[in-house]
Amino acid sequence: MPRVPLASVTPSDRRKLATVRELADYCGVPLATVYQWSHRGGGPRMLKVGRHLRARWEDIDRWLDEQAIDAA
């Protein structure tokens with residue numbers, strides 16, 4: 001995916017990054033589980049912003065779609 005110059009991205013195109021707490025609440029898992037995903041792998045792609053973990057909502061939705069189990 002090519003990078004879009006920042007000047008051409010409007011505020012309505014940007015979405016706030018998810019915090020660890022928001023991710024835990026959204027997925028219905030304990031906060032410690034999100035930290036384990038980050039440390040051990042698994043879970044959505046996480047970003048390190050300074051000393052804080054964040055996730056893009058698009059990455060969270062993509063990861064959740066990948067977790068779907070097809071019922072036969």
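This is a short tour of the structure above, stop by stop, with something to select each time.

**Before you click**

You're looking at a predicted model, so a few ground rules apply: local features need pLDDT of at least 70, side-chain atom pairs count only at pLDDT 80 or more, and totals for chains, interfaces and linings use all residues. Residues are numbered from 1 along each chain as its sequence is written, and side-chain values use heavy atoms, with hydrogens and water left out.

**Stop 1: the whole protein**

Switch to cartoon view. You should find three helices and three strands. Both are DSSP runs numbered from the N terminus: helices are H or I with at least four residues, strands are E with at least two. Trace the chain from its start and you'll read β-α-α-β-β-α.

Now turn on the surface. The protein exposes about 5,900 Å², and carbon and sulfur atoms supply 53% of that. (Accessible areas come from the Shrake-Rupley method with a 1.4 Å probe; for residues, only the protein chains shown count as cover.) Of the 72 residues, 24% count as buried. Buried means under 20% relative accessible area, exposed means over 50%, and partly exposed is in between, with a 1.4 Å probe and protein chains only.

**Stop 2: the sheet**

Select residues 18-19, 47-49 and 52-55. Strand 1 (18-19) and strand 2 (47-49) are the edge strands, each pairing on one side only. Together with strand 3 (residues 52-55), they make an open sheet of three strands in the order 1-3-2, with antiparallel pairing. Two strands pair if DSSP finds at least two bridges between them.

Start on the strand 1 side. Strand 1 and strand 3 are antiparallel and share two bridges; look for Thr 19, whose bridge partner in strand 3 is Arg 54.

Then cross to the other side. Strand 2 and strand 3 are joined by three bridges, again in the antiparallel sense. Lys 48 has Leu 53 as its bridge partner, and Val 49 stands opposite His 52. These two strands form a hairpin with two residues between them, and Gly 50 in the turn has a positive phi of about 65°.

Before moving on, show the side chains of strand 3. Which ones point to the buried face? Leu 53 and Ala 55 do, while His 52 and Arg 54 point to the other face and are not buried.

**Stop 3: the nonpolar core**

Next, select Ala 18, Val 20, Leu 23, Ala 24, Val 34, Trp 37, Met 46, Leu 53, Ala 55, Trp 57, Ile 60 and Trp 63: these twelve residues form the largest nonpolar core. That term means a set of buried Ala, Val, Leu, Ile, Met, Phe, Trp, Tyr and Cys residues joined through side-chain atoms within 4.5 Å. Helix 1 (20-27), helix 2 (31-40), strand 3 and helix 3 each supply at least two residues of this core.

Zoom in on Ala 18. Leaving out residues up to four places away in sequence, Ala 18 touches Leu 53, Arg 54, Ala 55, Trp 57 and Ile 60. A contact here means heavy atoms within 4.5 Å. Zooming back out, residues 24 or more positions apart account for 44% of the contacts in the protein with a separation of 6 or more.

**Stop 4: the charged pairs**

Side chains of opposite charge can pair when their charged atoms come close. How many salt bridges does a search of the whole structure find? It finds three. To count, a side-chain nitrogen of Lys or Arg must lie within 4 Å of a carboxyl oxygen of Asp or Glu.

Select Lys 16 and Glu 22 to see one of them, with the closest N and O atoms 2.8 Å apart. Lys 16 is exposed at 55% relative accessible area, whereas Glu 22 is partly exposed at 27%.

Now pick Asp 59, in helix 3 (residues 57-66). Is Asp 59 buried or exposed? Asp 59 is buried, with a relative accessible area of 9%. Beyond residues up to four places away in sequence, Asp 59 touches Pro 44 and Arg 45.

Add Arg 56 and Arg 62 to your selection. Arg 56 meets Asp 59 in a salt bridge at 3.9 Å, N to O, and Arg 56 is partly exposed at 34%. Arg 62 meets Asp 59 in another, at 2.7 Å. Salt bridges that share partners join Arg 56, Asp 59 and Arg 62 into one network. Asp 59 and Arg 62 both lie in helix 3, three residues apart, about one turn of the helix.
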